Amino acid sequence: MSANVVLVTGAGGFLANWVARALLEDKKTPNIRLILTDVIEPKNSLTTAKKFNLKTAAEPEDILTIKADLTKPEAIDALFNTPFGIPDTVYCMHGIMSRGSEENFDLGLKINADSVRELIQATRHYGTKLGRLIRFVYTSSCAVYGGPFPEIITQETIATPEGAYGLAKLSSELYINEFSRRGLIDGRILRLPTIAVRPGPPAAAASAFISGIIREPIQGLPATCPVGQSLSSPELDFPVWIASPQTTTQNLIHAKHIPSSSFPKHSRVVCSPGFTVTIRDEIEALRLVGGEEVLKLIKFENDPETKRLLDSWPQRFDNSYAFSLGFVVDEGGMVPIVERFKRDVEAGLA
Ligand SMILES: NC(=O)c1ccc[n+]([C@@H]2O[C@H](COP(=O)([O-])OP(=O)(O)OC[C@H]3O[C@@H](n4cnc5c(N)ncnc54)[C@H](O)[C@@H]3O)[C@@H](O)[C@H]2O)c1
């Protein structure tokens, strides 16, 4: 059986690591060879897979970890010239997040737009050498949208970003769509909701606190909420569009397997399913799972810039197009997500 060679960028980060782990268990991707890359040393997902007790036939020699700065074209080229050969699938997941790319505009463009374009071109080039289209799965974001918002964002809503992060995501999407329409790559774009509860250290994202106000208190640590002044502030009724890491990972694996004929010719964009939750709902879920005492660990420091970015992101989506393609959504709201995170913390997995 020939190998399934999958390249995952951003593999030192949170979500790509989850995806790499899930790929190792994916029955539709047998005989996998994984190329994991990041500007920091990528995590070896086989080590974390063992910790998570996952079932995988992969051996250490089936995984390559490559530390590389993808703003350098030669570093991108090298990823297609490893002993594993040309990848048949690329997960393009590296980047700097919303707050980071807002504060460092030029670096944000270089990483989130220029290096992605370079990777798309390399995918096209090496697909020609391989003799078939390489699948290109891209993690976009709801930050591609800007106001004024309709009550519910649908597949037809036009994206008009209000920040540097959304701009770079949207411009990359346009390249992936056009390269796919021309038959140069086989793109799949998921506009991801904010992921909560995200384990590990906080991201440089305006939305980081949406995970932080659960993650830190559940571990007995203080957390800062940049929205509102106290537990009774009306600002806590602010709605956000979220999905759990488990469901998002499942959807990213599913994206790889959808036949290209399922998409319209000119668009590979799908809004990955999510649900709306208010900050107050989150805090209530924390209280139900962690108890009254943990709420004291949340400190309020109202931050207008965080609020500005959050206000510019949409809060409600129609999931029906994504469902028609087989994507899934979290069931049961916030409480099961917080419960699962607590279990993971107790088991030493988060
Ligand atoms: N986490 C979320 O809520 C969310 C929501 C929407 C979209 N996304 C997208 O999903 C992807 C993964 O997000 P994440 O939360 O895991 O982010 P993350 O910050 O944990 O991971 C991103 C990784 O990209 C790497 N990177 C940055 N610059 C690089 C460079 N020049 N060369 C190589 N690697 C570089 C970083 O070192 C980091 O490990 C990103 O594309 C992000 O935009 C995430």
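In this predicted model, the axes of helix α7 (residues 208-218) and helix α9 (residues 279-290) come within 10 Å and cross at roughly 15°. The two helices, α7 and α9, are therefore roughly parallel to each other, since angles under 35 degrees count as such. Their crossing, that of α7 and α9, is right-handed. On the α7 side the contact is made by I213, I214, P217 and I218, which meet E282, I283, L286 and G290 in α9. Sorted by class, the residues of this contact of α7 with α9 comprise six nonpolar, one polar and one charged.

Helix α9 also packs against helix α12 (residues 334-346), here at an angle of about 50° and with the axes 9 Å apart. That angle makes α9 oblique to α12, and α9 passes α12 in a right-handed crossing. From α9 the residues D281, E282, A285, L286, L288, V289 and G290 take part, and they meet M334, V335, V338, E339 and K342 in α12. By class, the contact of α9 with α12 holds seven nonpolar, one polar and four charged residues. E282, L286 and G290 of α9 are thus listed in the contact with α7 and again in the contact with α12.

A further packed pair joins α1 and helix α8 (residues 245-257), whose axes lie 9 Å apart at an angle of about 60°. This angle makes α1 oblique to α8, and the crossing of α1 and α8 is right-handed. L15, W18, V19, A22 and L23 in α1 face P245, T249, L252 and I253 in α8, and the contact of α1 with α8 counts eight nonpolar, one polar and no charged residues.

The helix pairs can be set side by side as follows.

| Helix pair | Angle between axes | Axis distance |
|---|---|---|
| α7 and α9 | roughly 15° | within 10 Å |
| α9 and α12 | about 50° | 9 Å |
| α1 and α8 | about 60° | 9 Å |

Helix α1 (14-25) also takes part in the surroundings of the ligand, where α1 gives the most to the shell, with three residues. The shell has 26 residues, and the closest to the ligand are G10, G13, L15, T139 and I195. L15 therefore belongs both to these closest residues and to the α1 side of the contact with α8, where contact requires C-beta atoms, placed from the backbone, within 7 Å. Alongside α1, the elements α5 (105-130), β5 (135-141) and β7 (194-195) each supply at least two residues of the shell. In terms of class, the shell around the ligand divides into 13 nonpolar, 10 polar and three charged residues.

Several backbone features deserve attention in the loops. A cis peptide bond, with omega of about -5°, joins G147 and P148, and P148 lies in the loop between β5 and α6 (164-181). Another cis peptide bond joins A196 and V197, with omega of about 5°, and V197 is placed in the loop between β7 and α7. N31, which is not a glycine, has a positive phi of about 50° and sits in the loop between α1 and β2 (32-38).

As to annotation, an unreviewed UniProt entry places the feature "domain: NAD-dependent epimerase/dehydratase" at residues 6-215. Over residues 6-215 the chain is 40% helix and 17% strand, and the end C-alpha atoms are 31 Å apart.

Conventions
Residues are numbered from 1 along each chain as its sequence is written. This is a predicted model: local features need pLDDT of at least 70, side-chain atom pairs count only at pLDDT 80 or more; totals for chains, interfaces and linings use all residues. UniProt positions are given in the numbering used here, feature names are shortened, and annotations may be inferred rather than shown by experiment. Helices (H or I, at least four residues) and strands (E, at least two) are DSSP runs, numbered from the N terminus. A residue is near a molecule or strand if its C-beta atom, placed from the backbone, lies within 6 Å of it. Ala, Val, Leu, Ile, Met, Phe, Trp, Tyr, Cys and Pro count as nonpolar, Asp, Glu, Lys and Arg as charged, and the others, Gly among them, as polar. Axes are lines fitted to C-alpha atoms, for helices over the stretch in contact, and angles run from 0 to 180 degrees between N-to-C directions. Angles under 35 degrees count as roughly parallel, over 145 as roughly antiparallel, 65 to 115 as roughly perpendicular and the rest as oblique. A crossing is left-handed if the near helix is turned anticlockwise from the far one by less than a right angle, and right-handed if clockwise. Two residues are in contact if their C-beta atoms, placed from the backbone, lie within 7 Å.
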